[in-house]
Amino acid sequence: MPGSRGASVEFRHVTKRYEASSHEGAGPGAVNNLSLIVPPGEICVLVGPSGCGKTTSLKMVNRLVEPTSGQVLIDGEDIASVEPTQLRRRIGYVIQQIGLFPHRTIADNVATVPKLLGWPRERIRARVDELLTLIGLDPGIVRDRYPAQLSGGERQRVGLARALAVEPPVMLMDEPFGAVDPIVRERLQNEFLRLHERLGTTVLFVTHDIDEAIKMGSRVAVMQQGGLLAQYAPPADLLMHPASDFVARFVGVDRGLKRLALSRVGEVELAEAPLVREGESAEGARMRAGDDAWVLLLDAERRPIGWIDVRRLPSGGSVTADQSDPSSPFFTRETTLRDALSLLLATAVQTGVVVDDASRYLGVLTLDAVAAALRQAAVQPVGATP
Amino acid sequence: MTPDEPLIRPEWLQTHALDVLQRVLEHLELTGIAVGVGFVISFALGLWISRRPGAYAPITWVTGILYTIPSLALFALLIPFTGLSLLTAEIGLVSYTLLILIRGIVGGIRSVPAEVREAAIGMGYTGNQLLWQVELPLATVVIISGVRVATITTIGLVTVTALIGQGGLGFFILDGIQRLFSTPLIVGATLSVALAVAADGVLVLLQRWLTPWARGE
């Protein structure tokens, strides 16, 4: 496949002024002396309030907007010297309203750029089916449909497939998941991140949603009114060390919680809980619990069943599964600390059980461990932001 | 017309069957030329307007004035120059189609959603590719709506050109008025209406065939 690796994108002192504006100085959408480098294969999210110039910056990469001064370079080449239509065919472009061609079938929509580039018919057909499969649609079902016959989420996927058709080294995405409901958005975000790992395309991604920026970006460029770059850093750095009051306000007072979304349970040291096996005596369970009120019940395969409150156990007899609290939260090493925390707070035990891929017991996660992870991250020295 | 005269004399239809057929064809020819020529002119002007939006207002103004001139007066004004000819009839008929058709074409192109246009340009369409592969196909529904109105209007208007020796089915209407003979008048008027309905039906079918994506919406 052509260009299966990403290209670098560089803004070099890029300024865009809009004249004939009644605003003082820079009007909305203006960009002021923007310099930043997106290394190949990274997802750079441009985030900021409306009118901060993030979309303008994006559109200067495919020359839908021409800078007033400065240069944009792709793999070191000044794009001002590339013919705009040729340039755009090498850059994937996804917009919020998708802009599928309503008069063309899904297959023809996906084939748009390959057709512009004059690919042979057979190659186009094979590529279209490959792409539709890649984005999770059945080519046999959707190939000959029109966009109006698809759901919003499906249309957004087709828009993505169309932008990926020639595996462009650079993709521009302008609020690509802004028009779908939160559940579909979350799914599309996860799918795109998985897809990106495989493709390694360089992505410039515009959003006004800081949570989306932190989730999607390997680097986040926070822009502020007047087209100024307020900070450009990996998401964790941004949350830990906001460069200005504006950034701190923009990432929000809950930036500590947001940082938890960047860490996973597997990165935290797990604690041990008192364990009992099914069928053990109630007396034995009480002994194991010691000072704790709770013991964790495991089955014969060391799979956790649930927490048991030893104070409620009968004085004699053995421990059974139906004595356990079914609401005990289970995590995997991939669960984010943010999700883990919110589940922990919602249950009586306030201790989560961590299991491996075969659902076997690994250890437990306590509220204290989450808090400690946060403190530790906060005092860790952070390398200079790029 | 005398009170005991029947509305239609069936024997007139029998003796004039060929005559009627010939006038129907003439009517279709007059209409076809008018809408065809009108469409070519309007299409060219419409494309020009799509590149230079400033031209829309003056063009609408001129074609609007043409549209408001009473047809009888227009033909009377043209006769000194072009005589009682097909050309005179068509100049009038064509000029009445322009306002409707240009509005259809410009309105159709403007109805293309902005995001579709932006996506096309963003993917590397040239201006011509955008126009012919995206804007005009998407404008088809609106353009054909314009053609339908223009065609129905023209079919009615063709009857007036009987006054300058053309007229298709208008010949019978004029004949009936002049001779106080209701049969040809009613036959001419009825067939003219039937032609308009039929032509409209054909255009609806054409539009459905050309725009498969718009079905069932």
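Setting aside neighbours up to four places off in sequence, Thr211(B) is in contact with Thr140(B) and Val141(B). This comes from a predicted model, as does everything that follows. Thr211(B) belongs to the segment that comes after α9 (182-210) of chain B. Its pairing with Val141(B) spans 70 residues along the chain, yet the two C-alpha atoms are separated by just 7.2 Å. As for burial, Thr211(B) has 17 other C-beta atoms within 10 Å, so it comes out as partly exposed.

Phe75(B) sits in helix α4 (residues 71-82) of chain B. Here the count of C-beta neighbours inside 10 Å is 21, and Phe75(B) is therefore classed as buried; the cut-off for that label is 20 or more. Not counting residues up to four places away in sequence, Phe75(B) touches Thr88(B), Gly92(B), Leu163(B) and Ile164(B). With Ile164(B) the C-alpha to C-alpha separation is 7.6 Å, while the two residues are 89 residues apart in sequence.

Now to how the helices of chain B pack, with α7(B) taking part in two pairings. In one of them, helix α2 (residues 17-51) of chain B meets helix α7 (residues 127-158) of chain B, the axes coming within 9 Å and crossing at roughly 140 degrees. That angle makes α2(B) oblique to α7(B), because the roughly antiparallel label is kept for angles over 145. The crossing of this pair is right-handed. On the α2(B) side, the contact is made by His27(B), Leu30(B), Thr31(B), Ala34(B), Val35(B), Gly38(B) and Phe39(B). Facing them on α7(B) are Val147(B), Ala150(B), Thr151(B), Thr154(B), Ile155(B) and Val158(B). By type, the residues of this α2(B) and α7(B) contact split into eight nonpolar and five polar, with no charged ones.

The other pairing brings in helix α5 (residues 86-110) of chain B, which packs against α7(B) at an angle of about 160 degrees with the axes 7 Å apart. At that angle, α5(B) counts as roughly antiparallel to α7(B). The crossing of α5(B) and α7(B) is right-handed too. The contact of α5(B) with α7(B) draws on 14 nonpolar, eight polar and two charged residues.

How confident is the predictor in chain B, and where does confidence peak or dip? What is the mean pLDDT of chain B? The value is 92, and 98% of the residues of chain B reach 70 or more. Among the elements of chain B, helix α6 (residues 114-122) has the highest mean pLDDT, at 96, and helix α1 (residues 10-15) the lowest, at 87. For the complex, the predictor gives an ipTM of 0.84 and a pTM of 0.80.

Where the chains meet, chain A puts in 18 residues and chain B 14 residues. Elements of chain A that each supply at least two residues to the side touching chain B are α2 (84-89), β6 (91-95) and α4 (112-116). That side of chain A is made up of ten nonpolar, six polar and two charged residues.

As for chain A overall, its secondary structure comes to 15 helices and 16 strands. Taken along the principal axes, the C-alpha atoms of chain A fill a box of roughly 85 × 55 × 35 Å. Chain A has 386 residues, 40% of which count as buried. Among contacts in chain A with a separation of 6 or more, 64% link residues 24 or more positions apart.

Terms used: Residues numbered from 1 in each chain as written. Chains lettered and ligands numbered in written order. Predicted model: local features only at pLDDT ≥ 70, side-chain atom pairs only at ≥ 80, totals over all residues. Axes fitted to C-alpha atoms, helices over the stretch in contact; angles between N-to-C directions. Helix = DSSP H or I, 4+ residues; strand = E, 2+ residues; numbered from the N terminus. Parallel < 35°, antiparallel > 145°, perpendicular 65-115°, else oblique. Left-handed = near helix turned anticlockwise from the far one by under 90°. Contact = placed C-beta atoms within 7 Å. Nonpolar A, V, L, I, M, F, W, Y, C, P; charged D, E, K, R; others polar. Buried ≥ 20, exposed ≤ 12 C-beta atoms within 10 Å, placed from the backbone. pLDDT = per-residue confidence, 0-100.
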